[in-house]
Amino acid sequence: MRSTRPPVLDDDPEALDAIWTALEPDPALVPPLIRAVMISSLDGTTTVDGRSGGLGTPTDRLVYTAMRARADLVLVGSGTALAEGYGPAETSPVWADRRPGPPPVVLVLTRTLPDALVEHCAGSGDRVRIAAAHGVDIDRVRAARDRGVTVHVLGPGPTGAAIRSLAAHLHADEVDLEGGPRLLGALLAEGAVDELVLSLAPEVIVGGEDSPLATGPATTRVPMRVAAAFSCPRGGLYTRWVVGGRRP
Ligand SMILES: NC(=O)c1ccc[n+]([C@@H]2O[C@H](COP(=O)([O-])OP(=O)(O)OC[C@H]3O[C@@H](n4cnc5c(N)ncnc54)[C@H](OP(=O)(O)O)[C@@H]3O)[C@@H](O)[C@H]2O)c1
């Protein structure tokens with residue numbers, strides 16, 4: 001009989017090999033690649049108390065750090081960079097032997113180049129840079145550069161193509177797109193994203209601002225445990241979850 005129990009991977013060496021291999025990009029894709037990572041709860045909520053970290057599990061952390069260890073550039077919207085306090089990327093010691101060289105440069109994408117973003121990036125050296133949309137106010141670019149921030153101004157046309165062109169210019173084969181939802185949505189709609197690495201946190205969030213299961217401002221977190229998962233010829237993923245996360 002075929003099994004529908006998904007494999008459980010922890011952080012032993014064999015599991016780390018399996019996670020690394022699972023995150024290899026599709027060999028048919030042509031670099032520079034834009035590969036998005038995101039986490040959501042089972043109902044599609046993407047933040048708890050305004051940040052995505054509240055949804056994470058240790059395994060999600062392994063996935064997130066592996067994607068960074070693979071990447072040449074980390075790309076993030078200014079909303080996320082400010083909300084999550086982005087700084088220079090570090091290579092996790094777990095993946096250090098698989099990644100030669102320095103960690104990826106973080107690129108923060110903006111249209112308006114707000115003062116708060118310049119303030120945030122100043123002092124991070126060249127490892128946190130800004131990518132500003134074509135047509136950005138050039139005086140703001142000058143002011144940011146005067147503060148020691150590296151600002152790349154994107155070329156005209158669709159954002160995804162402009163980012164790919166910047167990535168090629170920076171000799172970056174793999175761009176790790178870490179969100180947020182607005183930037184991810186815009187790039188998906190443009191057809192500019194090559195892959196999506198999606199973590200499903202083992203819980204349903206009821207209520208709160210972000211949940212589609214809104215019942216009011218108060219939030220109830222309902223833990224879940226995955227019991228079965230399977231795919232189909234059309235590529236869907238089908239799952240069964242035990243409510244409450246109890247073991248049988
Ligand atoms: N669950 C997850 O996986 C996950 C991942 C990441 C973030 N988050 C959460 O999501 C929230 C923030 O996400 P968000 O969707 O509000 O914001 P976001 O996507 O991180 O950033 C939006 C900003 O990015 C810039 N931007 C977007 N499209 C652009 C384009 N085509 N060209 C140039 N700049 C562009 C604009 O910056 P300016 O306003 O500066 O012009 C825009 O306001 C935070 O709470 C964060 O914790 C969750």
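**Exercise 1. Locate His171 in this predicted model, and state the sign of its phi and whether it is buried or exposed.**

Step 1. His171 sits in the loop between α6 (159–169) and β6. Helices (H or I, at least four residues) and strands (E, at least two) are DSSP runs, numbered from the N terminus.

Step 2. Phi of His171 is positive, about 60 degrees, and the residue is not a glycine. Most residues other than glycine have a negative phi, and most peptide bonds are trans.

Step 3. His171 counts as exposed because its relative accessibility is 71%. Exposed means over 50% relative accessible area, buried under 20%, partly exposed in between (1.4 Å probe, protein chains only).

Conventions: residues are numbered from 1 along each chain as its sequence is written. In this predicted model, local features need pLDDT of at least 70, side-chain atom pairs count only at pLDDT 80 or more, and totals for chains, interfaces and linings use all residues, while side-chain values use heavy atoms, leaving out hydrogens and water.

**Exercise 2. Treat Asp49 in the same steps: place, phi, accessibility.**

Step 1. The loop between β1 and α2 (58–70) holds Asp49.

Step 2. Its phi is near 55 degrees, a positive value in a residue other than glycine.

Step 3. With 78% relative accessibility, Asp49 counts as exposed.

**Exercise 3. Which bond type joins Pro31 to Pro32, and where does Pro32 lie?**

Step 1. The Pro31 to Pro32 peptide bond is cis, with omega near 0 degrees.

Step 2. Pro32 belongs to the loop between α1 (13–22) and β1 (33–40).

**Exercise 4. What is omega for the bond between Gly179 and Gly180, and which loop holds Gly180?**

Step 1. Omega is about 5 degrees, and the bond joining Gly179 and Gly180 is cis.

Step 2. Gly180 lies in the loop between β6 (174–177) and α7 (181–190).
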